Amino acid sequence: MSVAPGFYLVLAGLMFAIGVVGVLVRRNAIVIFMFVELMLNAVNLIFVTFARQQGTVDGQVLVFFVLVVAAAEVVVGLGIISLIFRYRVSSNVDEINLLKR
Amino acid sequence: MMELAQQVGATAAAVDWHAIAPELVLAATACIVLVADLFLPDDAKWLAMPLSAAGIIGTLAAIVSLIGAGNRLTLAGAFEVDGFALLFKGVFCVLGLLILAISFHYFRVGRYYQGEYYFLMLCSLLGGVVMSSARDLVTIFIAIELISIPGFIMAGLRKGDAKSNEAALKFFLFGVLSSAVMLYGMSLAYGATGELLLEGIRAKLTAADEPLIVLSVFFIVVGFAFKISAVPFHFWAPDTYEGSPSPVAAFLSTISKIGGFVGLIVLMFRAFPDVADTWRPIFALLAILTMTVGNMIALRQTHIIRLLAYSGIAQSGYVLVALALIEPGATASNEQAFQSAVIYLAIYGIMDAGAFAAAVAFARRGGSYFIEDYSGLWQRSPVLATLLAGFLISLAGTPPMAGFWAKVFVFLAAIEAQSYLLAIVMGLNAVVAAWYYLAVVKKMFFEKAELAEPVEVPAVLRVAMGLAAAALVAVFVYPRLVTELAERSLF
């Protein structure tokens, strides 16, 4: 049983698009960050699909690197967001506007 | 796993340890600094700085030992040591030493987490050093993340300061978003060619892939545009520079930005030059927007760090001009564009770090970052005023500083490639830029000081600024110093 690679690519494209829209629309820093993670996972899906289609493992190896880097980003990102929350009791990015725009 | 490896014909590649020696020394130094910090008493934490400096000098020694050893390709072709890699490794290490000098008193007096800062800074520097040698998509991705992620923490190092937190959050959100976009572009390039090595991508690109490749390059460029703060992806830069500790702003504006450019140059000249016709307009548009908008907003700035941030955005635009000149098959003009970009980045790093150093020196002990307060600096501290004026004049691209040649070479490359529009826009922008840089110089030299006492500059910072300024003058007098290096760095 196999599904044509095209469907995976469309799915990944949709996931990425949802991620972009979410980043632009949502105002909570943590939710924005979750949408970025969704974008990264869409990329992972594309890499795995192409790797499978072409019979090479390069793409799958890259996915592991993406996962590790995403984990590192979570650590740093949640640290920064919780620091902000401690001082402002809010993680709404619209209220974080001390610096001149 | 073995079976799988045999199936795809993979073999364990031998590692050329000498080729990766600079990275190993720098990584070891970062670990030693982190551990040493644990055992140092509070009043000796500053020792992390000399330790880091020793490590960077060791890295420089390893880089020098690789000069003349020929091109070395290791880690299955993902890591190459050639003239280009060595030049930028050297540039990153020299800038690293400059940033250490800027950081020393700032972090020692400010009672920050010194050990952690130097550790993070070394890690980020390591990312830049790796980026110089990265020749496949995985290594480029890892290098750019290694530059960025410690940067997010460094930007928020002043934990109790809401502005610093905000700087870190903005930098973080834009940073992760840009990596995701860049990766999407990389995944499309992989899909079109089935290769991660840049040479492989270039060899397997065919005309049939064109729509996919255009999309791929577009996303990759957008991802990098955030990192190099090109308009319209520049919003984070001025806020982050202002909010983060000033030495970190200097780091982000030099090493981090140059790291992004190195990745972009490698990708565009090594992987995608044969389809340049499709993506050259993207760069031309980015370059024009970045130069013009950066300079226009810089005109209105009253805060020296924000001025340097916006002018740094405009400076990115000049390098983007060089990237917008690539044409498939036009070897001579491509080489000229390449060399002009390399020269620009090397000179830009030194002059920008120097300007930040002068701003940090002025701001310590109750000084301020507002340009108002620079009036009459000549009467108070003639040396500091002269040095800052030198760096600003260099950034403006006027003789007698190296920045002049940086701009001239890009301009000549644009003429050579017959991109007259870009050359004209660049020339006009250079005039606008000279206006706001020289306004600061005029304030320092021709206006009256409100305060009389001299600005005291620590010896480390004085030596660092003096050497940077001397290097800029030397390159102006004898441009062969950099053109020679640029010629050797040709791919």
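Helix packing, a salt bridge and a pocket in chain B

In this predicted model, helix α10 (residues 236-243) of chain B packs on helix α13 (residues 304-323) of chain B at an angle of about 145 degrees, with the axes 9 Å apart. The crossing of α10(B) and α13(B) is right-handed.

User: What makes α10(B) and α13(B) count as being in contact, and which residues meet?

Analyst: Contact needs heavy atoms within 4.5 Å. Pro238(B), Asp239(B), Tyr241(B) and Glu242(B) of α10(B) meet Ile305(B), Arg306(B), Ala309(B), Tyr310(B) and Ile313(B) of α13(B). By class, this contact has six nonpolar, no polar and three charged residues.

User: Why is the pair Glu242(B) and Lys163(B) called a salt bridge?

Analyst: The closest N and O atoms of Glu242(B) and Lys163(B) are 3.9 Å apart. The cut-off is within 4 Å, so the pair qualifies. Side chains of opposite charge can pair when their charged atoms come close.

User: What does the salt bridge of Glu242(B) with Lys163(B) tie together?

Analyst: Glu242(B) lies in helix α10 of chain B and Lys163(B) in helix α7 (residues 162-193) of chain B, so the salt bridge ties together parts that are 79 residues apart in sequence. Over all chains, a search of the whole structure finds 20 salt bridges.

User: What lines the second largest pocket?

Analyst: The lining has 32 residues, and Leu86(B), Leu87(B), Gly90(B), Val91(B) and Leu485(B) lie nearest the centre of the pocket. The space in this pocket is about 800 Å³. α4(B) gives the most to the lining, with six residues.

User: How many residues of each class does that lining have?

Analyst: The lining of the second largest pocket has 25 nonpolar, five polar and two charged residues. Gly counts as polar, so Gly90(B) falls in the polar class.

How values were computed:
Residues are numbered from 1 along each chain as its sequence is written. Chains are lettered from A and ligands numbered from 1 in the order in which they are written. This is a predicted model: local features need pLDDT of at least 70, side-chain atom pairs count only at pLDDT 80 or more; totals for chains, interfaces and linings use all residues. Side-chain values use heavy atoms; hydrogens and water are left out. Axes are lines fitted to C-alpha atoms, for helices over the stretch in contact, and angles run from 0 to 180 degrees between N-to-C directions. Helices (H or I, at least four residues) and strands (E, at least two) are DSSP runs, numbered from the N terminus. A crossing is left-handed if the near helix is turned anticlockwise from the far one by less than a right angle, and right-handed if clockwise. On a 1 Å grid over the protein atoms alone, a cavity is a set of points where a 1.4 Å probe fits but cannot get out, and a pocket is an open set with protein on both sides within 12 Å along at least five of seven lines; lining residues have an atom within 4 Å of a point. Grid points are joined across faces, edges and corners, and a volume is the space filled by probe spheres set on the points. A salt bridge is a side-chain nitrogen of Lys or Arg within 4 Å of a carboxyl oxygen of Asp or Glu.
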